[in-house]
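I opened the notebook to go through this complex one element at a time. Here is what I looked up, in order.

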There are 2 protein chains.
Amino acid sequence: MAAGVACGVRNSGGRDLGLLFSDRPCVTAAVFTRNVVKGAPLIVTKEAVEAGGARAVVVNSGNANAATGKQGLSDARAMQALAAEALKIETGEVAVASTGVIGVYLPMDCISEGLEETVGVLGPDGASFAEAILTTDTRAKEIAVRVDVGGRAVTIGGTAKGSGMIHPHMGTMLAFLTTDANVERECLQKTLSSATERTFNRVTVDGDTSPSDMAILMANGAAGNDLMTLDHPDYPAFAEAVETVARGLAKEIARDGEGATRLVEVVVEGAKDEPSAAMLAKSVIGSSLVKAAVFGEDANWGRVLVAMGYAGVPFDPDEVELFFGPVKVFSGGEPVPHEEAEANAALASGEVVITVRMGEGDASASAWGCDLTCEYVEINGSYRT
Amino acid sequence: MAAGVACGVRNSGGRDLGLLFSDRPCVTAAVFTRNVVKGAPLIVTKEAVEAGGARAVVVNSGNANAATGKQGLSDARAMQALAAEALKIETGEVAVASTGVIGVYLPMDCISEGLEETVGVLGPDGASFAEAILTTDTRAKEIAVRVDVGGRAVTIGGTAKGSGMIHPHMGTMLAFLTTDANVERECLQKTLSSATERTFNRVTVDGDTSPSDMAILMANGAAGNDLMTLDHPDYPAFAEAVETVARGLAKEIARDGEGATRLVEVVVEGAKDEPSAAMLAKSVIGSSLVKAAVFGEDANWGRVLVAMGYAGVPFDPDEVELFFGPVKVFSGGEPVPHEEAEANAALASGEVVITVRMGEGDASASAWGCDLTCEYVEINGSYRT
């Protein structure tokens, strides 16, 4: 069950308090930001997830409750307790998340009143929850897939928010995944960690890792399948289904990057191993110069090669091939003659693909980002005002 | 002696070929980019510096001669040989540098004709050289200091270019320093490397490390001082003088960052060691969100703390104090009540100082950058067109 209401945290109005709730206990996995600075809600949520498994998540947007000291931690605990009381469950069964401005105390009156309202309207309403967690996002992000586990249909659904301060090196932005699968706890955590590494951790909007990043995957077993473990014959299908949900949300976050006009995917193929491929892809997707060139529809492939050059991965530029869309622009250490207009046209669509072939092995990795626009600067020059 | 002429490499016209020349042999030190992708001129110049010491430098702007394969290397060697011939010195005494668009072959006809003209007008004309090396820079960058060495006045002068693709992790943008001091070779290299680490390597405009970065320091001994070595009693004064020139150029590069409206200095004090302080300062100066907030004159200090949090340096946020100009905004893990207007005003001047006190020790470091503006996006969305 889910709900989202407007409780007055966001100055701009609109839904800003969301609640996810499972009517039965859950096994829960989570990953958190590795930023040294952590929002107070992450401390509370980590405790809850480690103690057993949250079956409810309460989230506000408009205020990150980060860099708020003792008062902030006490507010996060109060938010957890208020939700538990309203839901008539244990305090430790509630996870808490906050996203928005950093360094401002939470208006607890709003949260308290909003929580009562939210519990009253809980239902099959993922859409209002997905809306309530947004900040500078321009659209809600939802995806669900169904997969067969031991003959039972199991559903995995997810929603996420994220538009700026997006460069999740280890944790991620806010993402909430739920499944009715019956899953062993260790298996669930491994599934989420692995999917996060390949999806949320491959997104960058601006290179800034948020102190509020977290992804949670709650499994309540309502599907009635036999227990999913790492050894289960259907584990690969289940893990792929979770990764599909996470990848879909990751791409939606990149597409909805602050000020972005297009989704950019960088595919590195033929690398010697996946970590190298991922480092190269992330370096290219994170380059301000590459992002500005995509915005300008200028097939300036030299910047792609340069960004690979400072990725921290050794390679031989003479073995690299670069493609903008289908157009080969660089090979054998030298420019490949091509129609400039065709290469530029490959940057003009809503989804831009830049492909790098390394000629070293069989590993590949993708990373997702967006173009850099004036609107990004405008949004972030006046975020708090 | 120096000169700069217009030879037709830059589409936009203007001076684009520069020559520095010492009438006597030089001891020369250099540092180069650590980008895996290196421009052809760096290979040629590294050979020259290692073989003995360049006494001439020929530089073109408008074309980086990078990612140009065998043809590019052959062009760089030809440029070196043409300059040596015109100056009637050994080929190995000429350093070569190129800056501009990546992935386009050098127009060697222009270079060849331009070199003859340049040699013809060589003289005490550093200004025309400083102008000839610029690309998207809006102004020339020159600085000189004089220092006493063993009773003799020694002069150190320098010029640099750099405005975009500025994030010199190990090498630097193009910088040319000259001195009439008589200096031991090892001492000269150590002096340049150390100054580079504290100055050029502390600048970031956009986080992109160029494949063309280099800094050269040529010493021809014309001042007639007794040989400068690391043990010389005046070495600290000499090293400080070189660092002053390098710091001056580094700050000018930051101030002239593509699209920038203001110079930003981040000072980290009270750190446990200088490398930690430098990592923290560079992380803050490199944050797109901090840079956009400075542009918008929005004292969003949370972003400063967040950028420190992903610098890769462990620290306790509760021990940190943050200042925007003179205004303390964060201390003891909590926001410090302050006049918002005063903090915003601290971001409105041409030189913005953000100070971080760590409370860990006595080490400090500064880093320099600029704000992120729409103009940066516009410049880099259409650089080649």
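How many bridges join strand 10 of chain A to strand 14 of chain A, and do they run parallel or antiparallel? I found 7 bridges between strand 10 (residues 263–271) and strand 14 (residues 351–357) of chain A, and the two run parallel. For the register I looked up one pair: Leu263(A) stands opposite Glu351(A) in strand 14 of chain A.

**Confidence**

I note that this is a predicted model. The average pLDDT of chain A is 91. In that chain, 98% of the residues score at least 70. For the complex, the predictor gives an ipTM of 0.82 and a pTM of 0.85.

**The sheet with strands 10 and 14**

I then traced the whole sheet. It is open, has 6 strands in chain A, and follows the order 13-12-11-14-10-15. The pairing is mixed. At the edges I found strand 13 and strand 15 (363–370) of chain A, each paired on one side only.

**The other sheet**

I moved on to an open sheet of 5 strands in chain A, with the order 3-9-8-7-6. Its pairing is mixed. Strand 3 (27–32) and strand 6 (141–149) of chain A are the edge strands, pairing on one side only. From one strand to the next, the twist averages 15 degrees.

Inside this sheet I checked strand 7 (residues 152–161) and strand 8 (residues 174–179) of chain A: 6 bridges join them, and they run antiparallel. Ala160(A) faces a partner in strand 8 of chain A, standing opposite Ala175(A).

Next I asked which helices lie on these strands. Helix 5 (residues 185–198) of chain A lies across strand 3 and strand 9 (214–219) of chain A. Its run makes about 35 degrees with strand 3 of chain A. Helix 6 (residues 235–255) of chain A also packs on the sheet, where it touches strand 6, strand 7, strand 8 and strand 9 of chain A. The direction of helix 6 makes about 170 degrees with that of strand 6 of chain A.

**Helix 2 and helix 3**

I looked up the axes of helix 2 (residues 69–87) and helix 3 (residues 108–120) of chain A. They come within 10 Å and cross at roughly 25 degrees. That angle is under 35 degrees, so I put helix 2 of chain A down as roughly parallel to helix 3 of chain A. The crossing of these two helices is right-handed. Helix 2 of chain A brings residues including Met79(A), Leu82(A) and Leu87(A) to the contact, and helix 3 of chain A brings Ile111(A), Leu115(A) and Val119(A), among others. By class, the residues of this contact are 10 nonpolar, 1 polar and 2 charged.

**Helix 8 and helix 9**

The axes of helix 8 and helix 9 of chain A come within 9 Å and cross at roughly 160 degrees. The two helices are therefore roughly antiparallel. Their crossing is left-handed. Leu289(A), Val290(A) and Ala293(A) of helix 8 of chain A meet Arg303(A), Val304(A) and Ala307(A) of helix 9 of chain A. I logged 5 nonpolar, no polar and 1 charged residues here.

**The contact between the chains**

Last, I checked the contact of chain A with chain B. It takes 51 residues from chain A and 52 residues from chain B. On the side of chain A, helix 8 (288–295), helix 9 (302–309), strand 13 (334–335) and helix 11 (374–381) each supply at least two residues. That side divides into 25 nonpolar, 21 polar and 5 charged residues.

Key
Residues are numbered from 1 along each chain as its sequence is written. Chains are lettered from A and ligands numbered from 1 in the order in which they are written. This is a predicted model: local features need pLDDT of at least 70, side-chain atom pairs count only at pLDDT 80 or more; totals for chains, interfaces and linings use all residues. Two residues are in contact if their C-beta atoms, placed from the backbone, lie within 7 Å. Helices (H or I, at least four residues) and strands (E, at least two) are DSSP runs, numbered from the N terminus. Ala, Val, Leu, Ile, Met, Phe, Trp, Tyr, Cys and Pro count as nonpolar, Asp, Glu, Lys and Arg as charged, and the others, Gly among them, as polar. pLDDT is the predictor's confidence in each residue, from 0 to 100. Two strands pair if DSSP finds at least two bridges between them. Axes are lines fitted to C-alpha atoms, for helices over the stretch in contact, and angles run from 0 to 180 degrees between N-to-C directions. Angles under 35 degrees count as roughly parallel, over 145 as roughly antiparallel, 65 to 115 as roughly perpendicular and the rest as oblique. A crossing is left-handed if the near helix is turned anticlockwise from the far one by less than a right angle, and right-handed if clockwise.
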